Amino acid sequence: MDLRLKFNEDPLNYDKYRPTYSEGLFEDIIDYGELNNSKSALEIGIGTGQATLPILEAGCSVTAIELGEDLARYVKEKFSSFRNFKVQNIGFEDFISEKDQYDLVYSATAFHWIPEDVGFKKVYDLLKPGGTIALFWNHPFVNRDDDKIHREIRKVYRKFKPSDKEPTEFNEDACKKYTQILEKYGFTDIKSKIYRKTRKLKASEYISLLETYSDHRQCAEDLKNNLYNGITEAINKFGGEINIYDTMDLYLGKKPLSDYEIKKHKLVCFDLDDTLIREIHSVMLPCILNGMEKEHSSIQEKEETGKIDYIEADYLRAKLLFGLEESKIKHSFLEVVKPLKNIRNVIELLHSQGIKCIVITVGPKQVAKVACDIWGFDGYYGSAYEVIDGRFTGEIINYIKSENKVEYLKGFCMKNNINPEECIAVGDGTTDIPLFNFCSKSIAINASKKVKEHASYAVDTDDLVDIMKYIVMLDEKNMIEEFVPKEFIVPKALETESFRLRMLTVGDLEKDYEAVMFSRKHIRELYSEIDDDTWPEENMKIEENLEDLYRHEKEFENRETFVYTVMTLDEKLCLGCVYINPSDKQCFDAEVYLWAREIEIERALYKTVEKWIKENWPFSNVAYPIFQIKASEWKKLK
């Protein structure tokens with residue numbers, strides 16, 4: 001009998017006595033996966049649903065799979081009030097679904113039943129690019145030397161159910177197994193965490209708990225009776241209650257943004273306040289510069305308490321700008337406002353794909369113009385606050401209401417031959433909902449629940465790069481010529497005692513850029529004789545590096561080239577990079593280039609990579625220009 005079906009024999013007992021998981025664990029999953037009502041989740045081995053409710057309450061549509069027929073029937077009834085829940089009575093190995101379907105795939109104390117090479121590969125395929133895998137377990141521990149009951153119970157086990165293996169308490173070192181497996185199968189941004197709690201159970205409750213474990217349920221009845229009687233006597237001997245020390249371990253990882261191509265969309269329309277800039281709004285900025293911060297706060301309070309609406313509040317705020325020099329906004333903008341990270345980088349990346357970007361705000365167009373100039377937007381629209389002789393008069397001559405935003409967007413689209421289905425709206429507030437309804441796709445950023453309900457996607461972040469995973473589109477590209485065989489599993493990482501090689505992603509932007517600029521002179525000197533390219537330029541910008549990282553990540557997932565970052569083991573510093581490329585030379589099937597920020601590290605890196613590729617990659621003849629072949633000889637090869 002399949003031991004997994006042992007859990008199917010007594011769902012009620014299982015649900016009552018199996019330990020639940022800590023609230024903090026679910027909070028971490030929800031935050032990491034940015035879960036909301038636009039997300040879909042797959043739960044593997046739902047059991048009695050002890051890990052299901054928090055995901056449902058986060059708004060996710062949950063599909064659960066369960067091998068046990070009685071358990072599947074039990075949870076179907078248990079969560080019958082949730083329209084966003086369904087369960088299939090099937091094993092994970094037999095579960096059929098299209099690829100790239102789920103934002104979250106998770107499993108609670110069940111995934112160990114699935115063969116590693118089947119389970120992790122299948123989860124990877126089922127996840128959408130950027131999707132989350134979450135695996136967690138609960139490890140009750142009953143072998144505490146400082147607990148008399150536990151010592152007494154161990155005597156009972158040695159008498160009736162002896163084992164050569166003494167139970168050990170789960171700890172941080174044990175977490176390495178699954179973090180390494182996740183890395184092996186291509187997951188990135190891997191995190192692990194341990195949670196602890198203590199429960200008290202009476203003797204009868206503890207026996208009921210033991211009956212939920214397959215290794216106890218399968219024991220012969222005589223053995224079980226002797227074992228359970230001995231355990232009961234031990235617990236009653238010391239007060240009738242036993243402490244259960246639960247240790248929960250959680251593992252999180254992301255499927256990289258793979259095989260992506262930005263296509264179809266021609267325009268991204270951004271709101272300004274609370275979307276690109278936070279805390280200090282566009283109309284608040286000139287109020288502060290004009291010494292009217294207290295007066296602004298008073299108006300804000302009236303608006304928030306419902307005494308006045310946002311339109312009346314903006315007209316009152318406009319009065320506070322009387323006499324302010326318009327030029328002060330440009331000079332003080334970045335000193336006062338609090339923008340999201342990487343705005344310029346994202347705009348540059350979108351531009352590189354032929355996508356235009358504009359700002360539409362109900363705030364002053366004078367502030368929108370400054371934002372447009374600083375971050376490189378293609379256009380801006382905002383309420384026209386009157387300015388005469390370079391100073392604000394305190395009047396608004398053309399106010400943009402929420403419904404007007406769509407009219408300005410339509411105007412821009414007509415001038416630029418763009419259709420609504422080619423537009424994406426990014427915003428945070430109720431004034432952006434009309435834009436969400438007009439555009440084919442919308443992204444709510446740091447928004448309320450009400451606004452998120454109107455958006456295609458939602459994200460809470462302080463980094464604008466995080467919206468890119470919702471803009472990119474999957475590209476099912478078929479390569480004409482394969483660099484590596486289809487059946488070859490490309491290693492996603494290699495770890496030594498000194499450093500770690502792993503797939504380079506856009507998440508490494510800042511560390512990679514620092515390492516490249518630190519080593520730029522050495523890199524140019526290393527390869528200048530075989531390549532006329534002057535990369536990296538002395539004044540290379542970080543947005544240029546971002547484009548390179550997006551390209552490298554895409555090519556890795558398309559199996560075109562493979563670029564690995566070289567990190568310290570604590571991931572705090574980028575040490576260098578390794579590039580594995582197809583060769584255009586007739587006598588080689590691959591070319592490997594590498595560099596490091598220090599010569600000694602570079603030498604060790606070369607030796608490591610040469611051995612690694614020789615033993616683990618499907619190449620017959622690999623070239624290492626400079627390291628094995630002189631530049632003069634390399635240039636002569638055809």
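A salt bridge is defined here as a side-chain nitrogen of Lys or Arg within 4 Å of a carboxyl oxygen of Asp or Glu. The structure is a predicted model, in which local features need pLDDT of at least 70 and side-chain atom pairs count only at pLDDT 80 or more, while totals for chains, interfaces and linings use all residues. Residues are numbered from 1 along each chain as its sequence is written, and side-chain values use heavy atoms, with hydrogens and water left out.

**Overall architecture**

The protein chain has 638 residues, 53% of which count as buried (under 20% relative accessible area with a 1.4 Å probe, protein chains only; exposed is over 50%, partly exposed in between). Its C-alpha atoms fill a box of roughly 95 × 80 × 45 Å along the principal axes. The secondary structure comprises 25 helices and 24 strands (DSSP runs, H or I of at least four residues for helices and E of at least two for strands, numbered from the N terminus). Among contacts (heavy atoms within 4.5 Å) between residues at least 6 apart in sequence, 70% join residues at least 24 apart.

An automatic or database domain assignment divides the chain into domain 1 (3-141 + 169-197 + 246-255), domain 2 (267-471) and domain 3 (493-635). The centres of domain 2 and domain 3, taken over C-alpha atoms, are separated by 41 Å. Eight residues of domain 2 are in contact with six residues of domain 3. Between them the two domains bury about 630 Å² (accessible area lost on being put together, 1.4 Å probe, summed over both), with 65% of it on carbon and sulfur atoms. Zero salt bridges are found across this interface.

**Salt bridges**

The structure holds 35 salt bridges. Three of them are listed below.

| Pair | Closest N to O distance |
|---|---|
| Lys-266 and Glu-422 | 3.4 Å |
| Arg-502 and Asp-508 | 2.7 Å |
| Lys-611 and Glu-615 | 3.1 Å |

Lys-611 and Glu-615 both belong to helix H24 (residues 599-616), where they are four residues apart, about one turn of the helix. Both of these residues are exposed. Elsewhere, salt bridges that share partners join Glu-495, Arg-500, Arg-502, Asp-508 and Glu-571 into one network. Within that network, Arg-502 and Asp-508 are both buried.

The pair Lys-266 and Glu-422 forms a salt bridge with its closest N and O atoms 3.4 Å apart. This pair links distant parts of the chain, 156 residues apart: Lys-266 is in the loop between strands E8 (260-261) and E9 (267-270), and Glu-422 in the loop between helix H17 (402-415) and strand E15 (423-427). Lys-266 counts as partly exposed at 35% relative accessibility, whereas Glu-422 is buried at 13%.

**Helix H10**

The 17 residues of helix H10 (221-237) should span 24 Å at 1.5 Å a residue (times one less than the number of residues), and the end C-alpha atoms are indeed 24 Å apart. Lys-224, Leu-227, Tyr-228, Gly-230, Ile-231, Ala-234 and Ile-235 are buried in H10. Seen down the axis, these buried residues fall within an arc of 160° (from the directions of the helix axis to the C-beta atoms), so they line one face of the helix. The face turned away from the buried side carries the exposed residues Asp-222, Glu-233 and Lys-237. After H10 comes Gly-239, with a positive phi near 105°.

**Positive phi outside glycine**

Thr-109 is not a glycine, yet has a positive phi of about 50°. Thr-109 is located in the loop between strand E4 (102-108) and helix H5 (116-126), and is buried with a relative accessible area of 16%. Asp-189, also not a glycine, has a positive phi of about 50°. Asp-189 lies in strand E6 (residues 188-202) and is partly exposed at 41% relative accessibility.
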